[in-house]
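Me: I've got a new structure to look at. Can you walk me through the basics?
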Amino acid sequence: MRSGFLKRYFITGLLIWVPLAITAWVLNLIVGTMDQSLRLLPASIHPQNLLGMNIPGMGALITLLVILVTGMAAANIIGQKLVRWWEGLLARIPVVNSIYKGVKQISDTLFSPNGQAFRKALLVQYPREGSWTIAFQTGRPGGDVANHLTGDFVSVYVPTTPNPTSGFFLMMPRADVVELDMTVDDALKYIISMGVVAPPIPSAATAPGTLTASRSAQV
């Protein structure tokens with residue numbers, strides 16, 4: 001009996017400390033990476049040389065400040081001209097042009113307030129019919145691909161578990177996807193936790209029993 005209580009207390013302690021430890025580790029990794037920006041400054045103005053001590057997080061603050069100032073500068077006419085000049089300069093460099101243009105298109109799509117990338121959580125059948133998983137709508141097929149697809153298609157990203165940064169890009173008929181009444185954050189938590197942390201059911205209208213009716217309505 002005593003061992004059962006000890007086991008329960010130990011598990012309770014783990015449930016408290018493990019999330020805190022992982023959160024601290026992730027924050028330390030992020031701040032440590034951002035602190036590397038101090039290497040771009042002359043050694044004479046490093047906090048360690050000026051104050052005689054190393055201040056953790058100073059590089060992160062400088063990085064955030066640089067990003068903020070860059071955004072403020074690019075918002076006016078002169079800043080926009082400088083950005084266009086910079087992009088024109090990069091466009092003349094063969095390899096850099098391809099990499100920069102591709103990354104910029106992706107970042108513009110992801111971070112644009114009016115963009116539709118990762119704005120909707122979907123339920124799709126993958127990797128076979130009858131097996132369901134969560135995906136995210138990333139847009140619609142474009143280019144010559146759209147000329148070879150008959151009907152209304154959507155582009156979806158199916159993340160893997162527990163690492164959602166890798167996954168599969170699919171183009172599926174809109175009638176074969178179910179739009180979920182679920183935020184992207186809740187969907188990501190559901191994926192990362194491997195289905196353990198299930199989001200609450202928003203209403204009776206979106207309960208699992210209405211899945212068939214929802215698909216029939218879409219078709």
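Reply: One term to start: a residue is buried when its relative accessible area is under 20%. Also keep in mind that this is a predicted model.

Me: OK. What share of the 219 residues counts as buried?
Reply: 19% of them count as buried. The accessible surface of the chain is about 16000 Å². Carbon and sulfur atoms account for 67% of that surface.

Me: How many helices and strands are there?
Reply: Seven helices and five strands. Along the sequence the pattern reads α-α-α-α-α-β-β-β-β-β-α-α.

Me: How are the strands ordered in the sheet?
Reply: The order is S4-S3-S2-S1-S5. The sheet is open and the pairing is antiparallel. S4 (167–173) and S5 (178–179) stand at the edges. Each has a single partner strand, so one side of each has no neighbour in the sheet.

Me: What joins S1 to S5?
Reply: Two bridges, with the strands running antiparallel. Leu 123 has Val 178 in S5 as its bridge partner. There is a salt bridge too, between Glu 179 and Lys 120, with the closest N and O atoms 3.9 Å apart. Glu 179 is in S5 and Lys 120 is in S1, so the pair ties together parts 59 residues apart in sequence.

Me: Are those two buried or exposed?
Reply: Glu 179 is partly exposed, at 47% relative accessible area. Lys 120 is partly exposed as well, at 25%.

Me: How many salt bridges does the count come to?
Reply: Three. Arg 140 and Asp 152 meet in one, at 3.1 Å from N to O. Asp 152 and Arg 174 meet in another, at 2.7 Å. Asp 152 sits in the loop between S2 and S3, and Arg 174 in the loop between S4 and S5, 22 residues apart. Shared partners join Arg 140, Asp 152 and Arg 174 into one network.

Me: How exposed are the members of that network?
Reply: Arg 140 is exposed, at 59%. Asp 152 is partly exposed, at 35%. Arg 174 is partly exposed too, at 32%.

Me: New topic. Where does Ser 155 lie?
Reply: In strand S3, residues 153–159. Ser 155 counts as buried because its relative accessibility is 5%, and the cut-off is under 20%. Beyond its close sequence neighbours, its contacts include Phe 136, Arg 140 and Leu 170.

Me: Last one. Which strands does helix H6 lie across?
Reply: S1, S2 and S3. Helix H6 covers residues 184–192 and runs at about 140 degrees to S2.

Methods
Residues are numbered from 1 along each chain as its sequence is written. This is a predicted model: local features need pLDDT of at least 70, side-chain atom pairs count only at pLDDT 80 or more; totals for chains, interfaces and linings use all residues. Side-chain values use heavy atoms; hydrogens and water are left out. Helices (H or I, at least four residues) and strands (E, at least two) are DSSP runs, numbered from the N terminus. Buried means under 20% relative accessible area, exposed over 50%, partly exposed in between (1.4 Å probe, protein chains only). Contact means heavy atoms within 4.5 Å. Two strands pair if DSSP finds at least two bridges between them. Axes are lines fitted to C-alpha atoms, for helices over the stretch in contact, and angles run from 0 to 180 degrees between N-to-C directions. Accessible areas come from the Shrake-Rupley method with a 1.4 Å probe; for residues, only the protein chains shown count as cover. A salt bridge is a side-chain nitrogen of Lys or Arg within 4 Å of a carboxyl oxygen of Asp or Glu. Lists of a residue's contacts leave out its neighbours within four places in sequence.
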